[in-house]
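Please take a moment with the sequence and the model below, and then follow the paragraphs that come after it.

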Number of protein chains: 2
Amino acid sequence: MNGAQALLQALVEEGVKLCIANPGTSEMHFVAGLDSVPEMRGVLGLFEGVVTGTADGYGRMTKTPAATLLHLGPGLGNGIANLHNARRANTPVVNIVGDHATYHKRYDAPLETDIQSLAAPVSGWYRCCEQPETLLRDVKEAVAAAVGPPGKVATLVVPADFSWTELPQTNPSQQQLFEHSRNQARTSPKPSVTETAEEIAKVLSCGEPSIVLLGGNALEEKGLLAASRIANATGAKLLCETFPARLERGCGLPSIERVAYLSELAVMQLEGAKHLVLAGAKAPVSFFAYPGKPSYLVPQGCSVHVLAEPDGNTVNGAGDVLRDLADLLGAEKIKSTTATGTKANEKPTGQLTPETLAGAIGALLPEGAIVSDESNTCGLFVPQYTKTSPRHSWLFLTGGAIGQGMPLATGAGLACPNRKVLSLEADGSAMYTLQALWTQAREGLDVTTVILDNGSYALLQLELSRVGVGTPGHKALEMLDLSRPDIDFVSLANGMGVEAARADTAEDFTARLEYGLNTPGPYLIQARLK
Amino acid sequence: MNGAQALLQALVEEGVKLCIANPGTSEMHFVAGLDSVPEMRGVLGLFEGVVTGTADGYGRMTKTPAATLLHLGPGLGNGIANLHNARRANTPVVNIVGDHATYHKRYDAPLETDIQSLAAPVSGWYRCCEQPETLLRDVKEAVAAAVGPPGKVATLVVPADFSWTELPQTNPSQQQLFEHSRNQARTSPKPSVTETAEEIAKVLSCGEPSIVLLGGNALEEKGLLAASRIANATGAKLLCETFPARLERGCGLPSIERVAYLSELAVMQLEGAKHLVLAGAKAPVSFFAYPGKPSYLVPQGCSVHVLAEPDGNTVNGAGDVLRDLADLLGAEKIKSTTATGTKANEKPTGQLTPETLAGAIGALLPEGAIVSDESNTCGLFVPQYTKTSPRHSWLFLTGGAIGQGMPLATGAGLACPNRKVLSLEADGSAMYTLQALWTQAREGLDVTTVILDNGSYALLQLELSRVGVGTPGHKALEMLDLSRPDIDFVSLANGMGVEAARADTAEDFTARLEYGLNTPGPYLIQARLK
């Protein structure tokens with residue numbers, strides 16, 4: 001068994017069953033090894049940003065890491081933006097980067113790069129394998145680190161010569177070493193400045209205006225129901241972070257307002273609070289700085305209390321803590337407020353606008369759907385219209401690095417083949433990692449993509465004024481315009497084997513969406529918005 | 001004048017007239033500033049890999065840096081692969097990365113990343129602007145560093161608040177400082193272990209088998225003609241580096257054999273040499289390591305002599321040195337051997353194969369063409385068939401990071417609007433930065449793209465056997481297969497506003513190519529190879 005086969009075998013033993021690859025020469029032994037490890041599924045991405053975003057989507061839905069397979073520094077570079085989003089989501093990812101053979105590095109061959117420097121900013125754990133004998137231990141520690149808590153991007157660099165070296169049979173003492181390291185990593189205490197449930201209970205019972213800000217695992221059923229009981233027992237207001245990794249929503253769950261992306265609005269949401277209790281979320285800050293506007297959004301005179309640290313979506317930490325707190329508050333008899341009504345919203349008619357588009361989605365979103373949301377400005381109305389839709393999961397752009405949505409949807413489709421994935425994509429963002437459609441077609445994934453097409457970087461038109469630019473000139477507006485030439489997403493989808501159609505009216509869009517949601521496999525709708 | 005406007009103005013004053021942008025919120029003041037600096041042309045790329053590759057192509061053809069405009073760490077991440085290629089090409093690039101406002105960084109907002117760590121591996125010069133007052137000096141030093149020699153990627157990080165700060169009028173003493181720094185940077189001595197022309201002349205005259213290996217500026221007319229005279233005077237063999245940044249070729253120039261990508265062949269090319277003289281090239285090493293094959297390709301017992309260091313394409317260093325050497329050898333009366341014959345090759349017929357495709361290109365390549373070559377395996381025959389074509393420039397994949405070709409062609413088209421650009425793209429590589437087509441359409445660039453479509457990562461099929469994998473299994477072969485689903489590049493090109501056609505026979509391809517080369521503006525041919 002060579003190093004690559006052993007590594008794949010070790011991944012499977014540790015519960016990693018999916019390897020998303022965009023391999024090169026230095027990874028050929030991994031590719032070849034896939035056939036000797038039947039439990040490992042190999043999925044090909046045509047670009048590394050697709051690979052890393054797919055791993056993120058898969059990890060968010062399964063709470064289990066997928067492995068990536070990237071080709072040296074430049075391949076890692078192409079995957080960085082979506083690893084950044086995964087890091088912000090605390091998603092477990094085992095990020096495997098092939099490197100030149102150890103003895104080849106000193107020749108500074110064309111692809112030679114400083115992989116560690118590239119990997120450091122997005123990796124919660126990093127190791128370059130130093131000898132074939134430690135490869136198995138390294139893999140197991142990488143998986144343990146990825147799993148957390150919190151979930152992490154664990155980057156393991158594997159020199160090509162280790163992957164083609166025949167490994168000795170593992171002896172028991174080595175095995176013990178692996179187990180030891182693994183337990184160590186999994187149980188390592190995390191730094192904490194949290195307050196106890198008792199302390200927080202006192203804060204919330206004092207009668208002053210309070211907000212409980214939810215994030216991470218607090219946004220699953222357990223945490224949401226407990227939080228609602230807490231709010232009903234104490235009068236505290238509930239909010240959730242702006243871009244959660246994953247939010248459970250719809251009928252039977254409390255509907256939680258998110259902290260607004262526009263800091264002007266966020267300030268209004270937080271205004272007047274004397275206490276801010278953080279349950280799996282960080283204290284809110286503005287996404288960007290704007291001249292004359294605050295960066296730190298906690299109101300003056302508001303004290304911040306940490307009930308649970310952000311933990312990503314690998315354990316139930318924040319949810320458990322919230323339940324304990326609810327019980328402590330004597331709220332066990334107080335009900336949660338949950339969204340009701342499965343009655344379909346009326347189907348919209350007339351012009352296709354951001355609002356009628358949202359109406360159609362609200363009317364049609366099926367039970368168990370997973371929404372990958374990179375709809376940016378034009379998707380503004382969709383959350384409102386889907387509040388009482390059947391139960392569904394919502395995945396957000398955690399790290400703000402666009403090009404996340406379509407790979408994330410691909411990963412969700414691989415993770416949950418029995419759930420419909422709805423991928424909401426702004427036109428500008430769609431052009432970053434469009435190659436994900438090809439993987440969706442190849443794997444027959446059940447993903448309906450909606451391109452919210454307004455022919456521009458509309459978010460940036462808004463941002464232009466927010467940063468204090470008065471009247472932009474012609475050249476400036478050209479830089480935010482996507483309509484010369486118009487992008488034909490139907491052609492682009494067809495080019496990668498995905499059926500697609502264009503919708504120009506609300507009726508048109510509703511019909512296309514109905515078709516997409518009722519037809520298995522990938523489908524794309526170019527929603528031409530007015 | 002705010003910082004962004006001042007920066008753009010300073011770039012123009014330093015000779016940087018093109019800004020290729022994929023901006024975000026933190027770069028909005030640059031976007032707005034374009035209108036106040038009429039000499040600066042702004043070109044939009046829909047993905048950062050397009051932006052950086054376009055800057056590389058522009059710099060290779062003009063020897064002048066273009067400026068990029070990237071959005072924080074994740075935007076830089078997306079541009080890393082092509083910055084890596086630019087670094088390997090010694091191309092001058094002023095790589096501007098917008099960052100959060102200085103006072104916003106401590107909040108760890110979603111897009112916060114360690115930009116320096118990401119930039120370091122691809123940047124020959126790096127600076128994060130520390131105060132608005134030094135912004136102009138920083139810009140000028142960045143340009144000076146980029147220009148070199150050798151040409152570099154100079155990364156300048158500009159916090160958002162500096163770009164919106166009003167700058168004081170520059171006073172003379174500051175101006176002097178700029179000039180000083182600039183001259184300092186431009187004239188800084190480079191480390192050198194070169195031998196003198198006299199010493200090398202002795203080596204080449206000693207009668208032992210010698211090879212002169214050319215790279216960088218030695219591959220322009222002056223260096224090529226001088227090298228040929230040297231070879232004819234001394235019997236030395238001429239070779240050039242495997243992936244030069246830019247090679248001048250065709251009728252009237254010596255035709256120089258490249259060191260083969262396959263190290264097995266390279267070893268044969270270099271066999272028996274007792275002296276290897278490097279003129280603008282590095283000593284040859286294998287691209288990757290392969291089990292049981294050498295990494296360092298210089299034969300045992302062969303001594304290496306450095307006539308000129310690699311200097312990129314910003315000055316004429318290596319060319320001048322070669323001319324001096326030729327004169328010293330008394331070779332001024334010895335002619336260069338140059339390729340002759342403008343008689344068109346016969347147009348091919350029958351099946352469309354890598355060889356008939358090469359025949360068609362050889363028959364039709366027009367005078368002054370620029371070839372951007374990312375054709376990988378299927379382009380194997382093209383150099384041979386174009387040896388006696390009219391004079392043209394050839395751009396190679398310097399750093400091995402695929403996804404270079406189409407952005408590079410875009411940059412060449414921007415740099416040389418009066419020359420036809422032929423972009424030779426392998427199908428797998430084309431899927432990395434396909435968005436370049438949209439910029440070609442928007443700017444009306446005169447680029448004919450040929451997709452060499454064999455439905456697979458054929459290079460990796462070859463590599464699989466070269467790294468010692470015997471018979472690959474089904475799952476392994478799946479990872480190298482691009483035919484399920486087939487990619488329809490005609491649809492993809494049309495989707496981005498580029499006219500396109502598919503060719504299935506040699507006659508078909510020849511007709512399409514003739515049309516593309518004779519019609520101004522972008523055009524794409526999907527060459528379906530047998």
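Among contacts in chain A between residues at least 6 apart in sequence, what percentage join residues at least 24 apart? In this predicted model, the share is 81%. The chain in which these contacts are counted holds 21 helices and 18 strands, and 63% of the 530 residues of chain A count as buried. For a chain of 530 residues, a compact globule would have a radius of gyration near 24 Å, and because chain A has 24 Å, its value agrees with that expectation. The C-alpha trace of chain A extends over about 65 × 60 × 45 Å along its principal axes.

From the single chain we can turn to the pair. Chain A is superposed on chain B by a rotation of 180 degrees with 0.0 Å of shift along the axis, and the RMSD is 0.0 Å. The two copies are therefore related as by a two-fold rotation axis. Both copies use the same surface, in that 100% of the contact residues of chain A recur in chain B.

Within chain B, one pair of helices deserves a slower look. Helix α3 of chain B, residues 48-62, and helix α15 of chain B, residues 405-415, have axes that come within 6 Å and cross at roughly 45 degrees, which means that α3(B) is oblique to α15(B). The crossing of α3(B) and α15(B) is right-handed, and the residues that make the contact include G49(B), V50(B), G53(B) and Y58(B) from α3(B), together with P407(B), L408(B), G411(B) and L414(B) from α15(B).

The loop between α3 and β3 (66-71) of chain B contains K63(B), whose phi is near 60 degrees, a positive value in a residue other than glycine. K63(B) has 19 other C-beta atoms within 10 Å, and because a residue needs 20 or more to count as buried, K63(B) is partly exposed. Another positive phi, of about 55 degrees, belongs to N90(B), which is not a glycine either, and which lies in the loop between α4 (72-89) and β4 (93-99) of chain B. N90(B) counts as buried because it has 26 C-beta neighbours inside 10 Å.

Two peptide bonds complete the tour. In chain B, G148(B) and P149(B) are joined by a cis peptide bond with omega about 5 degrees, and P149(B) is placed in the loop between α6 (135-147) and β6 (153-159). In chain A, the bond from R484(A) to P485(A) is cis, with omega near 0 degrees, and P485(A) sits in the loop between α19 (474-478) and α20 (489-495).

Technical notes: Residues are numbered from 1 along each chain as its sequence is written. Chains are lettered from A and ligands numbered from 1 in the order in which they are written. This is a predicted model: local features need pLDDT of at least 70, side-chain atom pairs count only at pLDDT 80 or more; totals for chains, interfaces and linings use all residues. Copies are superposed by least squares on the C-alpha atoms of residues with pLDDT of at least 70 in both. Two residues are in contact if their C-beta atoms, placed from the backbone, lie within 7 Å. Helices (H or I, at least four residues) and strands (E, at least two) are DSSP runs, numbered from the N terminus. The radius of gyration is taken over C-alpha atoms; the globule rule is 2.2 Å times the number of residues to the power 0.38. A residue is buried if 20 or more other C-beta atoms lie within 10 Å of its own, exposed if 12 or fewer, and partly exposed in between; C-beta atoms are placed from the backbone. Axes are lines fitted to C-alpha atoms, for helices over the stretch in contact, and angles run from 0 to 180 degrees between N-to-C directions. Angles under 35 degrees count as roughly parallel, over 145 as roughly antiparallel, 65 to 115 as roughly perpendicular and the rest as oblique. A crossing is left-handed if the near helix is turned anticlockwise from the far one by less than a right angle, and right-handed if clockwise.
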